[in-house]
Structure formats: C-alpha cells, structure tokens
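Work through the exercises below with the structure open beside you. Try each task before you read its solution.

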Amino acid sequence: KDVKGLLGNLAEQTCRPDQVIVVDASQEDVLSGYLASTTFPFEHRYIRAEPGVMRQRNMGIDNCDGEFIVCLDDDLILMSDFVEEMLKPFHADPDHRLSAVIGRIVENQSWLESSPLRARLNHRLRQFVIHAFLLDKVGSGRFRYSGLPTYSRDERESRYVECVPGGCVVYRRQVFDQFRYDETFFYPPLDDMDISKWLLDGGHKVYYQASACVLHKKSPSGR
C-alpha cells in the first residue's frame, strides 16, 4: 500500500522522474504483479532483495541511469512539487559544489494515537531515554561534538547542513562513483551516518531545501 501510494505521488509530480527503481525486501512478493500490470509515466524496474537497507540502497543505485538519484522511503507522502523543489538548488549550482539536497520531513503522529496502550507507553519511554541521554536525532542538521548526527526536519528555513537522512534526499550521480554503502551495517541509521561523514570529510556540500516537503507516515512494516 505504501509503495503504491508513493508511485502515485511520483506520477503526479510537476517534475516527474525519468526512472523509478523499487527494491523490495518484504517477505512476500505482493508488488511485482501490480507493477507489471500498471502503466506509469516513467520507466520502472522491480528488484527483489534480501533484507538490509544498505544492500537495497546499493542495488537501487546500481540500476539508476540518471544525473540525479532520489532516495525515498516508501512511507512518505510527497507534495506535488517535491521533485521540482529538490532539484532547484542543483540548477543554481553551475560549479557542481553541491552534492546532495535533503527535503523537509513533517512527522505524522496519527499512527501513535491509534496504537495499543503498550505501544504508546513504549514510545513515551523511548522518547524519555532519547532526551535524557542527548540522543535526539532532530536538530541543527550538524554532527554533535560526540560524533552523533542530528537531522533537520520540519523547519521553514533553507540552509547548508552536514547530515543526510537517507530516505529523503537527492544526490548527484557522481557521489556514487566514489561512495558505496557498507553492507555490513545492517542497522538502518548507520547508513545515514556513514554517507554524512563521508560527504563532510570530502568537502561535499549538503543543502536543506525547506520548500521540498514530505509527510512521513511511519509505516509499521519493513521492506
């Protein structure tokens, strides 16, 4: 359901992608038939994969042909001009100093309200621990002195940042001529930390584009 919704969002963009790669690591194949029987205004490919965010990202990137590579989690709802707004900073950068643009992520908390009491209590406990030990990932978009990353989320001011949320970002293709996700990192947040540190150490510029907005639904299933 999430993937179908995201594909519908992409089909309605003011600037449609030329190509969409779906890398599916779910236990059951419920997408290949749908994709084969549905017409989209862009080329699309379906790839089955073993679970692992870094492996899935590498497989998707290896099959992309474009100048810009958009990495999206499937539990996002895109505003109709999302892709267009994400590309604007690149078009204003003729010297190619900019390597990545991230979007503005608005969290949808409705999933929590409909969750069982135990899930809501676990969420509150987790938030308490995160705040108590300064582990909150939402912040300035820069690395803390501890080395932990923070990510810009629902903020209205565009600016340069250091940390990249891997599920809502556009890269120049040239980034992946040099970088490849480390597939030994199985835990998802490590992919964000890995590429963010690599971009920072290499002097690559990352831009937070506040006008490129998505709603994060927080899907309960993993793909």
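A charge sits over a ring if NZ of Lys or CZ of Arg is within 6 Å of the ring centre and within 35 degrees of the ring normal. Keep in mind that this model is predicted.

**Exercise 1. Charges over rings**

Task: Find the ring that Lys-205 lies over, and its distance from the ring centre.

Solution:
- Lys-205 lies over the face of Tyr-160.
- The distance to the ring centre is 5.9 Å, and the cut-off is 6 Å.
- Lys-4 lies over the face of Tyr-34, at 4.7 Å from the ring centre.

**Exercise 2. The partner of Tyr-160**

Task: Classify the aromatic pair of Tyr-160 and Tyr-207, then place both residues in the chain.

Solution:
- The ring centres are 5.0 Å apart, with 70° between the planes.
- Planes over 60 degrees apart count as edge-to-face, so the Tyr-160 and Tyr-207 pair is edge-to-face.
- Tyr-160 belongs to strand β6 (residues 159-161), and Tyr-207 to strand β8 (residues 205-216).
- These two residues are 47 apart, so the pair links distant parts of the chain.
- Tyr-160 is partly exposed, at 48% relative accessible area.

**Exercise 3. A tilted pair**

Task: Describe the pair of Phe-179 and Trp-198, and say whether each residue is buried, partly exposed or exposed.

Solution:
- The pair is tilted: 5.3 Å centre to centre and 50° between the planes.
- Phe-179 sits in the loop between β7 (168-172) and α7 (189-201), while Trp-198 is in helix α7, 19 residues away.
- Phe-179 is buried, at 6% relative accessible area.
- Trp-198 is partly exposed, at 23%.
- Both residues belong to one aromatic cluster, together with Tyr-171, Phe-176 and Tyr-181.
- The structure holds nine aromatic pairs.

**Exercise 4. Salt bridges**

Task: Trace the salt bridges of Asp-65 and Asp-73.

Solution:
- Asp-65 meets Arg-45 in a salt bridge, 3.1 Å from N to O.
- Asp-65 is in the loop between α3 (53-62) and β3 (68-72), and Arg-45 is in strand β2 (residues 43-48), 20 residues apart.
- Asp-65 is exposed at 56%, whereas Arg-45 is partly exposed at 27%.
- Glu-43 joins Arg-45 and Asp-65 in a network of salt bridges.
- Asp-73 meets Arg-57 at 3.8 Å, N to O, and the cut-off is 4 Å.
- Asp-73 lies in the loop between β3 and β4 (76-78) and Arg-57 in helix α3, so this pair ties together parts 16 residues apart in sequence.
- Asp-73 is partly exposed at 34%; Arg-57 is buried at 13%.
- The count comes to eleven salt bridges.

Notes
Residues are numbered from 1 along each chain as its sequence is written. This is a predicted model: local features need pLDDT of at least 70, side-chain atom pairs count only at pLDDT 80 or more; totals for chains, interfaces and linings use all residues. Side-chain values use heavy atoms; hydrogens and water are left out. A salt bridge is a side-chain nitrogen of Lys or Arg within 4 Å of a carboxyl oxygen of Asp or Glu. Helices (H or I, at least four residues) and strands (E, at least two) are DSSP runs, numbered from the N terminus. Buried means under 20% relative accessible area, exposed over 50%, partly exposed in between (1.4 Å probe, protein chains only). Rings of Phe, Tyr and Trp (its six-membered ring) pair if their centres lie within 6.5 Å; planes under 30 degrees apart count as stacked, over 60 as edge-to-face and the rest as tilted.
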